[in-house]
Amino acid sequence: MVDGPDVTLITPTASMSVDRHGGRAKCLQRLVRLDMPVPPTVALSFAAVRGIAEGRMPDMTAILAAFAADDLLSVRPSSQDPDWGGPGAVLNIGMCDAALERLIPRLGEEAACSLYLRFIQSYAVEVARLDPEEFHLPERPDRAALAQALAAYEAEMDAPFPQDPGQQLAEVLRSMARAWDGTSARLLRQARGAPAEAGLGLVVQRMALGVGQGSCGSGVIQRVSSESGEPQIIGRYLSQSQGRDALRNGARALYLTRDPRGPSLEETEPEIFAALLDFGDLGRVRLREEMEISFTIEEGRLAILDAIRVQRSARAAVRIAVALAEDGVIPRDEALMRVQPQALAELLHSQVDPNAPREVLGEGMGASPGAAAGRIVLSAAEAQAAAARGEDCVLIRRETSPEDIRGMHVARAVVTLRGGLTSHAAVIGRGIGLPCVVGASDLVIDKRKGKVTGPGGTMRAGDIVTVDGAAGQILMGAPPLRAAELGEAYKTLLKWADARRDIGVRANADTPQDAQTARLFHAEGIGLCRTEHMFFEGERLGVMREMIFAGTEAARRAGLERLLPMQKADFIELFRIMAGMPVCIRLFDPPLHEFLPRDKAGLRDLAEGLGLPLAEVEAQVEAISEYNPMLGLRGVRLGLTYPEVIDMQARAIFEAVAELGREGAEVTPEIMLPLVSAMREVELVKARIEAIAAAVRAETGNALTYRLGVMVETPRAALRAGDIACHAQFLSFGTNDLTQMTYGLSRDDAGRFMSAYVRQGIYEEDPFHTLDQEGVGELISIGAARSRERDARVTLSICGEHGGSREAIRFCRQQGFDYVSCSPFRVPLARLSAAQLAIEATGAPA
Ligand code: PEP
Ligand code: MG
C-alpha cells in the first residue's frame, strides 16, 4: 500500500503538499487532477528521504507494487523550490538481462540494448560513483557493447551488475538521498537561498519509453520565450529519445511548429501537437503559471512526465506576471509579488550576457548596477580626452573626488580601489546610472607606467575592460552585453505598483539630467538636490575657486554675484522639469577644500587663473585644509560662517520661483539645511532665509512661499529633533552621514575592512548598504517621535543611499514616514518594493 504520509501514490485526492513532498511531486498531482496522461508515480516525502539517507529504507515491496512487474522506472528529485536543485534524474531502473530479452521482441534489439546501456551508465556514475570516462554510450548500442559495459562495471566493482529491480531502485534512492546531504549540494542550494535544513522529496515514475517501434520520442514544450516572456512556442522533440535528450541533440531534434528549416512535430504528429498545446493552455490557467512540459511519445501515445516553471530572464518574469494578471489568471497583487524588485535593475541597465565566459581582472563591491565596456583611462582628464575622440572609456582611480565629476560623466563605467558603498564614486555612479565598482583593493594602479594589475593579470591604459557593476567585477575584454529595455509590461507593472503603495517615492537628483531621469522613472518629486554638484561644471569651478580665495566678505560677495545667475538658471530648469512636483533643495554641504585642486599641476593652473603666486595659493589651501573635513567646516556650519553663501542660494531659489510665477507656474520650493546639530543653527539660518524671501517678494511682487526643513544626519539632531521641529516643516534623515556618525565609521574608508567585518559576523551587513535598524534605526525612531510630539504635521522622510532598499522602505512605512528618496535609477525598484510591502501588510494574495 502506498497511501501513507511519506510514501504516496500520486492520485487526485492523495494528501500531498509542497512542504512535505516538494514542488515537483505536488505539481505532478496537479497535472493528474487536470487529467493529463501522467504515468503512475509514487512520491517519497522529505521525511522518507531523510530516513533513507540515515539507513531506514521504506517498504520497497509496497513501492514496487504500485507498478507493473515489467515496468521500467525513473527517479527524479523534488525539492521544495525547484531552484534549489537536487541530484540528477536516474532513468530506466529495472533494466537487467531478463528485461533485455523481454523488450527485444517489442522494441527491437538496438532500442532494448540502448536502454540497458543507458541505465548501466547512469547507475555506474550516479550510484556506484565510478569514473564517467569508463562508461561512454557507444556509437552502436548492440549486445557486444552491452557485454563490454557489464564487464567494465564488474571489473570496477568486483561484483556483477545488479539484476534485481528492487535492489536497483533501493540503491538509486539511497544514493540520491545521500547526495542531497553532501557538502557541495548543501553549499549550492544555500547559495540559491535554501535554508540549511531544506528537505528533498523523490518521485518514482513508470517510464514512458520514448524508444521502440512506431512513433516514439521525447521532448519539452513551453508557450512563452524564456528571454522576452512573449508568447512563442518553444521546445524540441527528438524521435527515439528519453529525458532531456532532445535538448542535448539539437541538430537532430525536430522543430515543434512548422519551420522552413526542417520537419516539425506539428506536421509529423498533428494530433499530439494539438494535445500538447491544449495541455499548455490548461496548465497556464489552472496552475496559474507558464510551465515547461516534458513529454514522451510511447508507441504513438502521449505521456506527460513533468512540468516545471519556465526558466525566465528578468524581462520575461515581468512580461509573464503582467500577462497572467491581464488575462485574469492571477490578481494584480500577485503579479506585483511575483517580480523581484532587484530584477527590475536588469531591465534598467545593460547586463553582461549570463552565458558569456568571464575573465576577471579583479573584484570589489558592486556599487552601481549595469555593465559597460571601454578602454582603461587612469584620470578624469584622460577620460575627457577619450570622449573627445569618440572612444568609450572606463575610469579606474584610487578614489574619486568632486574634481573627477566631468571625467565620470563621460566615462562608461568607473572603478575605484578604495571607498565603500556611499563613497563619492558610488553615490555619483548610482545617481547617473553609471556602472561602478568600488573598493577593488586587489587592483594595483601604476600610473607612471600606465598599468593596472589584478589577480587576473596586468592590463595597460587603452586596453578594453568591462565593468559589471552588479557583480562587482572588472572583466578583461568585452564579453557580449544585453541592452537595457523597459517595455510595456514594465510600465504596466509599475502603474499597478503606484496604485497599491502607501508611501511616497522621490528621487535624489542634482542636475537637470538627473531630474529628467527622475521623471522618466515616475519619481514624485526631488527629495534631495545636492546643490554643490552644480558647481563642478565648466567655468563655475573657476568662479567657485575665486570665491573661496576671496579674502573679504565683499570679495566673496562679488564671486557669489557671478554664481547667482548660474544657480538661478539651474533652479528654473529643475522646477520646469519637475512641473509643479516638490523639489527639495539642500543648501551647500561639502567642505570648501573639495573644490580645490589636489596636485601640483592643478595648483599651478589655479595660481595662473587667479593671478597669484603659487606659494600664496599653496598657503591658502593649507590654511583651509582640515584634519577631519567631514566633521569640520561643512553643512550649515559653512553657511553660518559665510552667510553670504546662504543668501546667494536662497535668492537664486526665490528669484527662480518668481520668474516661473511670471510664466504662470506655481512652485513651492523646499529648502533643506545639511549637517544640523543644534536648534539655534536652524533659527539663525531661518531668519536669514526669511529676510531674503521678504526682499524677493518686495522686488518681484510674487507672494512666494517655501518650506524649510532640516536634514537629520548627526546623532544630536536626531536626539534634539523635538527642538528642531519648532523651526522646521520637514525632517529628512540623511542615513549616509547618520550611519557614519553613529558608528564612528568613515564612509569613504570603510570599504577596506568591511568585508572582513561582515565575514566574521561583527556586522551582519555593511551598514552603508543595509540600514542598521537597531542602532541608526533607533536614532531615527527617536527623532521621528520627538519631532512629531512637538508638531504632528512635520513631514518625515529618508534620503540617504538606503532610501531605495526594501528593508529601509519597510522601516519607513512602519515609522509612518511620508516618503523615501533615492537615486533616480532605484526609483522603480523602490516603487515596486513599496507596493509589495503594502500588499504584505494587508495580507499577501493566496
Ligand atoms: C546623507 O548624509 O545621508 C546624505 C544624503 O547626504 P550626503 O550623502 O550628500 O552627505
Ligand atoms: Mg550627508
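Start by selecting G722, which sits in helix α29, residues 721-724. Keep in mind as you look around that this is a predicted model. Is G722 buried or exposed? With a relative accessibility of 9%, G722 counts as buried, because the cut-off for that word is under 20%. Now show what surrounds this glycine: setting aside the neighbours within four places in sequence, G722 is in contact with R786, S787 and R790. For a sense of distance, add R604 to your selection. G722 and R604 are 118 residues apart in sequence, and their C-alpha atoms are 49 Å apart in space.

**Next stop: R186**

Select R186, and you will land in helix α9, which covers residues 183-191. Here the picture at the surface changes: R186 is partly exposed, with a relative accessible area of 32%. That label fits because partly exposed covers the range between under 20% and over 50%. Which residues does R186 touch, once its neighbours within four places in sequence are left aside? They are D181 and A196. If you have a distance tool, try it on R186 and R174: these two are 12 residues apart along the chain, and 17 Å separates their C-alpha atoms.

**A four-strand sheet**

Now colour strands β7, β6, β8 and β9. In that order they form an open sheet, and the pairing is antiparallel. The edge places belong to β7 (231-239) and β9 (301-309); each has a single partner strand, so one side of each is left without a neighbour in the sheet. On average, neighbouring strands here are turned by 20 degrees against each other, with direction ignored.

Zoom in on the pair β6 and β8. Strand β6 takes in residues 217-224 and strand β8 residues 291-298; the two run antiparallel and are joined by five bridges. To see one place where they face each other, select S218 and look across to T296 in β8, which stands opposite.

Turn on the helices that go with this sheet. Helix α2, residues 23-33, packs on the sheet and touches β8 and β9. The direction of α2 makes about 135 degrees with that of β9. Then pick helix α12, residues 270-286: this helix lies across β6, β7, β8 and β9. How is α12 angled to β9? It runs at about 30 degrees to that strand.

**A three-strand sheet**

Move along to strands β17, β18 and β19. They make an open sheet of three strands in the order β17-β18-β19, again described by antiparallel pairing. At the edges you will find β17 (444-446) and β19 (457-460); each has a single partner strand, so one side of each has no neighbour in the sheet. The average turn between neighbouring strands of this sheet is 20 degrees, direction ignored.

For a closer look, select β18, residues 451-454, together with β19. Four bridges pair these two strands in the antiparallel sense. Click on T453 and then find its bridge partner in β19, which is T458.

**Strand β21 and its partners**

Select residues 473-476 to bring up strand β21 and show the side chains. Which way do they point? Q473 and L475 point one way, I474 and M476 point the other way, and all are buried.

Strand β21 has partners to visit. One of them is β20 (residues 464-468), which runs antiparallel to β21 and is joined to it by four bridges. Look for D468, which stands opposite Q473 in β21. The β20 and β21 strands form a hairpin with four residues between them, and there G472 takes a positive phi near 75 degrees. Strand β11 (residues 360-363) also pairs with β21 in the antiparallel sense, over three bridges. In this pairing, select V360 and look opposite to find L475.

**Zoom out**

Finally, show the whole protein chain. How many helices and strands are there? The chain has 34 helices and 30 strands. Its C-alpha atoms fill a box of roughly 105 × 60 × 55 Å along the principal axes. Of the 846 residues, 55% are buried. Switch on the surface: the accessible area comes to about 35100 Å², and 50% of that belongs to carbon and sulfur atoms. Colour by charge to see 93 positive and 113 negative side chains; the centres of the two sets lie 3 Å apart. To end, think about how the chain meets itself: among contacts between residues at least 6 apart in sequence, 68% join residues at least 24 apart.

Notes
Residues are numbered from 1 along each chain as its sequence is written. Chains are lettered from A and ligands numbered from 1 in the order in which they are written. This is a predicted model: local features need pLDDT of at least 70, side-chain atom pairs count only at pLDDT 80 or more; totals for chains, interfaces and linings use all residues. Side-chain values use heavy atoms; hydrogens and water are left out. Two strands pair if DSSP finds at least two bridges between them. Axes are lines fitted to C-alpha atoms, for helices over the stretch in contact, and angles run from 0 to 180 degrees between N-to-C directions. Contact means heavy atoms within 4.5 Å. Buried means under 20% relative accessible area, exposed over 50%, partly exposed in between (1.4 Å probe, protein chains only). Accessible areas come from the Shrake-Rupley method with a 1.4 Å probe; for residues, only the protein chains shown count as cover. Lys and Arg count as positive and Asp and Glu as negative; His and the chain ends are not counted. The place of a charge is taken as NZ of Lys, CZ of Arg, CG of Asp or CD of Glu.
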